[in-house]
Structure formats: C-alpha cells, structure tokens
Amino acid sequence: MAESTDVVVIGAGVIGSSIALELARSGLRVVVVDKFGGAGNGSTSASSAVVRFTYPTIAGVNAAWESRHCWEAWRDHLRAPASESLATFNRCGVTLLDVDLAPRSLFTGHFDQIGVRYEEWDAQELSERLPAVDTGRYFPPRRVDDDQFFAEASARLGALHTPEGGFIDDPQLAARNLAAAAQRLGATFRWKTEITAVMRQGERVRGVRLQEGTELSAGVVVNAAGPWSGQLNQLAGVGGDFTVGLRPLRQEVHHVAAPADYHDVGGDRHAPVLADMDLGTYIRPDGREFLLVGGTEPACDPLEWLDDPDDGNPLATVSQFGTQVTRAARRLPSLRVPNKPKGVAGVYDVADDWTPVYDKTDLAGFYVAIGTSGNQFKNAPLVGRLMTTLIHGVEGGHDHDRSALTHTCEHTGQAIDLSAFSRRRQLSASTGTVLG
C-alpha cells in the first residue's frame with residue numbers, strides 16, 4: 001500500500017514537531033513518523049529545558065536569543081487557542097560561574113553585538129545576590145572520592161548573569177504544543193511506527209517504508225530522529241561526506257529537594273539557573289520546592305556512549321546521582337544529599353563539537369536536523385524555521401554547499417548563516433557540554 005505526501009519528518013520530539021509546524025505553515029503536506037506513542041516521548045522528555053545564551057559562536061547566540069523571543073510569546077508563536085494548556089517559560093535568569101575554560105569574553109562580545117543583556121558580578125556581588133551559593137573556586141572538577149574534592153577553595157568566583165535566560169517548565173508539553181499546532185494546519189502523525197527503509201529513485205529520495213509495509217511517497221524526508229538519527233542515515237546511505245561525527249550519549253538529570261535558603265533572592269522570584277563548570281554541575285529550579293541537577297561533562301567523568309540508543313537505562317543510577325548531587329551540595333552547602341536516587345536519564349545525539357547539523361545531504365531531498373547534543377531544546381522554535389528556509393531554498397535550486405543560505409530572524413532581525421550548522425563544517429568552538 002502506498003500513500004503520498006510532500007514531506008515526511010521522522011521524529012516527533014521538540015525538534016521534529018517544530019519542523020513539522022513550520023513546513024505545514026509554508027503550505028506543504030506533512031506526515032510525521034515516530035516510534036513512540038506521542039510527541040516529546042523520547043529524549044525531549046529528559047531535557048532540563050534550560051534557555052541560555054552562552055554559546056561561543058555568533059550563530060549559537062543568535063539562535064538562542066531569537067528562540068527566547070519565541071518562548072516568551074509562546075501562544076502567539078503557536079497561534080494556539082486560549083483554551084489550550086501550554087508550556088511556560090520561567091525567566092529566572094542564568095548565572096554562569098567564572099571558569100577559565102569558558103571566560104566571560106567568550107560570550108560578551110557576541111552579546112554586545114546582538115543585544116543580549118548581561119551583568120558581570122564579582123565574588124561579593126555573587127554572594128549578595130545568591131546568599132545560598134558558596135563562591136569558592138575549586139577547579140578542576142574532581143571525582144567525589146578524590147582526596148582533593150573537599151580541599152579548601154583556591155580563590156573566590158564571580159559570575160556572568162543573563163537575566164533573560166531561564167527554563168521551560170514542561171519540555172514534553174512544549175513538544176505536544178508544537179505537534180498540536182502542526183495538526184491544526186493539516187500535518188498528520190503516525191505513532192508507534194518505525195522506518196524500515198528509505199526509498200530512492202536514482203540519486204533522489206522518494207519516500208520511506210514503514211514497519212507494517214506502508215510506503216509513504218515524498219520528495220522530501222527530514223531526519224529528526226534524535227539519538228536514532230545515525231541508524232536512519234545508514235538506511236538512507238548518507239553520511240559519507242560528513243566531517244562531523246555523531247554518537248548517542250546517555251545522560252542523567254537528578255531531582256532533589258531545594259534547600260530552604262535557595263530562593264532567598266528577594267520577592268517571589270526563583271533563584272536563577274546556576275551553571276557551574278568549576279565543579280562540573282548545573283542546578284535548575286523546579287518550582288520553589290525542588291531542584292534539577294545535571295552535569296557539565298567534566299574531564300574526570302567517563303561519558304556513557306552507546307552503540308544502540310535503545311540500550312540506555314532510563315533510570316537514575318546511585319553512582320551518578322551521588323556524584324552530581326554531592327557536587328551541587330559543595331556549591332549549595334545547605335543542600336542535603338538523599339540516599340535514594342531520583343531523576344531521569346535520556347539519550348542525546350551528540351556531535352563532535354556539541355553543535356547541531358541542520359543541513360541537506362548528498363541524497364537529494366534527504367535533510368537532517370541532528371546532533372542536537374542535549375543543548376538545542378531551547379532553539380526548537382527557531383529550528384523549524386531554519387529547516388524550512390533550507391528546504392525551500394535547496395528544493396528551489398539553490399546550491400547550499402557552494403553558497404550557504406541565511407535565515408533572517410522574525411523577532412531580532414538578525415541573519416543566521418546556516419553554514420554554521422553544515423555537515424561539512426570545520427569543527428565549531430564549543431564549551432563541550434549539554435548544560436540543559
């Protein structure tokens with residue numbers, strides 16, 4: 001049995017759902033295929049959904065800054081009815097503690113150029129603004145069983161604070177919001193469905209075959225399959241010209257009770273997201289009573305690369321929970337470290353330079369939005385628009401490999417050079433971390 005459409009998007013996470021929405025808005029017929037039972041049920045559901053702007057490239061900062069405007073006007077972005085329940089952007093700010101491997105100057109020049117507001121705090125101001133935080137410098141991060149882990153601080157830290165940053169309270173709901181908006185425009189979703197073949201006609205894609213035998217005929221196929229994207233690229237026979245490698249990585253995020261003094265920042269505001277590469281952790285509010293604690297992939301911690309993303313244990317482990325929460329407690333002395341782990345684990349599609357690949361491939365009509373490395377949730381509203389610009393440009397005859405397309409942002413007016421996300425790029429500058 002064969003069916004036809006204009007575009008097949010593979011993956012209904014926050015990235016794939018955003019792509020479906022924007023392609024449908026552009027007038028194309030879209031079918032989304034996902035192996036799970038609903039939007040955002042894969043790695044999106046394990047995201048800490050941090051909205052930060054601390055990227056070392058101008059394209060990275062531009063994308064995050066434009067996306068923040070979309071999150072702040074989320075109902076308008078979706079054109080959602082007033083009755084629809086939506087994910088919420090909590091603008092609590094993001095505080096990046098000083099660390100030599102990611103100095104403030106790596107970001108502030110881009111901030112000045114684009115218009116991202118920031119504050120530079122010395123150790124005294126950091127202590128006054130966030131009294132629950134120990135301002136000691138302990139770098140480099142160490143294993144918690146290292147004799148030097150509890151050594152005295154070598155100096156005091158300041159911070160770079162971006163008040164417009166924050167987090168999305170429900171990442172899975174955000175993906176569902178995007179999927180619902182796409183469905184209102186005619187996009188259809190096939191749940192609990194896997195791809196068994198990417199079909200070709202000569203050097204051009206002609207659609208996909210589903211597990212039950214149905215063929216979806218389409219002139220455009222978009223790989224937004226997250227950690228399964230490498231398997232899909234193999235089915236399509238693409239990737240041979242990539243200069244950027246991609247691998248599935250398992251990560252854990254832990255859930256703990258917030259110390260009583262954590263939100264002592266004045267009024268009803270939340271304390272900011274705390275990015276602590278000095279100790280190798282980040283801390284994100286989860287309401288006023290709890291915190292999410294994740295890692296920044298310090299050199300002392302082995303990374304859990306997977307050959308098959310389906311092999312990833314979805315539960316928090318005692319060892320990683322103890323490591324990450326103990327590091328957080330070093331920074332927040334009043335934080336208690338429970339004996340029983342609580343949290344989630346996700347598998348992310350990580351690129352060599354932790355920068356995504358949003359590009360065409362050498363199979364005409366087959367596009368990729370992959371390598372999102374756990375840090376692209378924040379950019380999802382924009383990614384759909386970047387991919388729509390790319391797809392319409394290339395399908396219209398533009399040679400993107402020879403002369404890269406640019407996308408002009410709706411809210412900021414900034415132009416983003418899409419070569420920054422090329423499959424053939426030289427590896428980008430990177431802080432080397434998921435960080436939300």
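How many positive and negative side chains does the chain have, and how far apart do the centres of the two sets lie? The chain has 41 positive and 54 negative side chains, and the two centres lie 3 Å apart. Lys and Arg count as positive here, Asp and Glu as negative, while His and the chain ends are not counted. The place of a charge is taken as NZ of Lys, CZ of Arg, CG of Asp or CD of Glu.

The structure is a predicted model, in which local features need pLDDT of at least 70 and side-chain atom pairs count only at pLDDT 80 or more, whereas totals for chains, interfaces and linings use all residues. Residues are numbered from 1 along each chain as its sequence is written, and side-chain values use heavy atoms, with hydrogens and water left out.

**The whole chain**

Begin with the entire chain selected. Its C-alpha trace spans about 65 × 45 × 45 Å along the principal axes. The radius of gyration, taken over C-alpha atoms and compared with a globule rule of 2.2 Å times the number of residues to the power 0.38, is 21 Å; this agrees with the value near 22 Å for a compact globule of 436 residues.

Colour next by secondary structure: there are 9 helices and 24 strands. These are DSSP runs numbered from the N terminus, with helices (H or I) of at least four residues and strands (E) of at least two.

Of the 436 residues, 58% count as buried. Buried means under 20% relative accessible area, exposed over 50%, and partly exposed in between, with a 1.4 Å probe and protein chains only. The accessible surface of the chain comes to about 17000 Å², and carbon and sulfur atoms hold 46% of it; such areas come from the Shrake-Rupley method with a 1.4 Å probe, and for residues only the protein chains shown count as cover. Among contacts (heavy atoms within 4.5 Å) with a separation of 6 or more, 73% are between residues 24 or more positions apart.

**First stop: A49**

Select A49, in the loop between β3 (30–33) and β4 (50–51). Its phi is near 55°, a positive value in a residue other than glycine. A49 counts as buried because its relative accessibility is 0%.

**The loop between α5 and β8**

Move on to T135, in the loop between α5 (123–129) and β8 (159–162). With 7% relative accessibility, T135 counts as buried. Apart from residues up to four places away in sequence, T135 touches A123, L126, S127, A155, R156, L157 and R331. P140 is found in the loop between α5 and β8 as well. Display the backbone here: a cis peptide bond joins F139 and P140, with omega about 5°.

**G202**

Select G202, in the loop between β11 (195–201) and β12 (204–210). Is G202 buried or exposed? Its relative accessibility is 56%, so G202 counts as exposed. A distance line from G202 to L363, 161 residues apart along the chain, gives 9.3 Å between the C-alpha atoms.

**Helix α8**

Select residues 318–331, which form helix α8. The expected span of a helix is 1.5 Å times one less than its number of residues. For the 14 residues of α8 this gives 20 Å, and the end C-alpha atoms are indeed 20 Å apart. The helix is mostly covered, with 11 of its 14 residues buried. Among the buried residues are F321, V325 and R331. To see part of what covers them, add β6 (94–97), β15 (246–257), β16 (273–276), β17 (281–286) and β18 (290–295).

**W354 and G371**

W354 is found in the loop between β20 (343–351) and β21 (357–360). Although W354 is not a glycine, its phi is positive, about 60°. At 12% relative accessibility, W354 counts as buried. Its C-alpha atom is separated by 22 Å from that of H400, 46 residues apart along the chain.

Now select G371, in the loop between β22 (366–370) and α9. G371 counts as buried, at 0% relative accessibility. The C-alpha atoms of G371 and V350, 21 residues apart along the chain, are separated by 4.9 Å. Neighbours within four places in sequence aside, G371 is in contact with L246, D349, A351, T355 and P356.

**Last stop: helix α9**

Finish with α9, residues 380–395. This helix has 16 residues and reaches 22 Å from its first C-alpha to its last, close to the 22 Å expected. Since 13 of the 16 residues are buried, α9 is largely enclosed by the rest of the structure. G397, which follows α9, has a positive phi near 110°.
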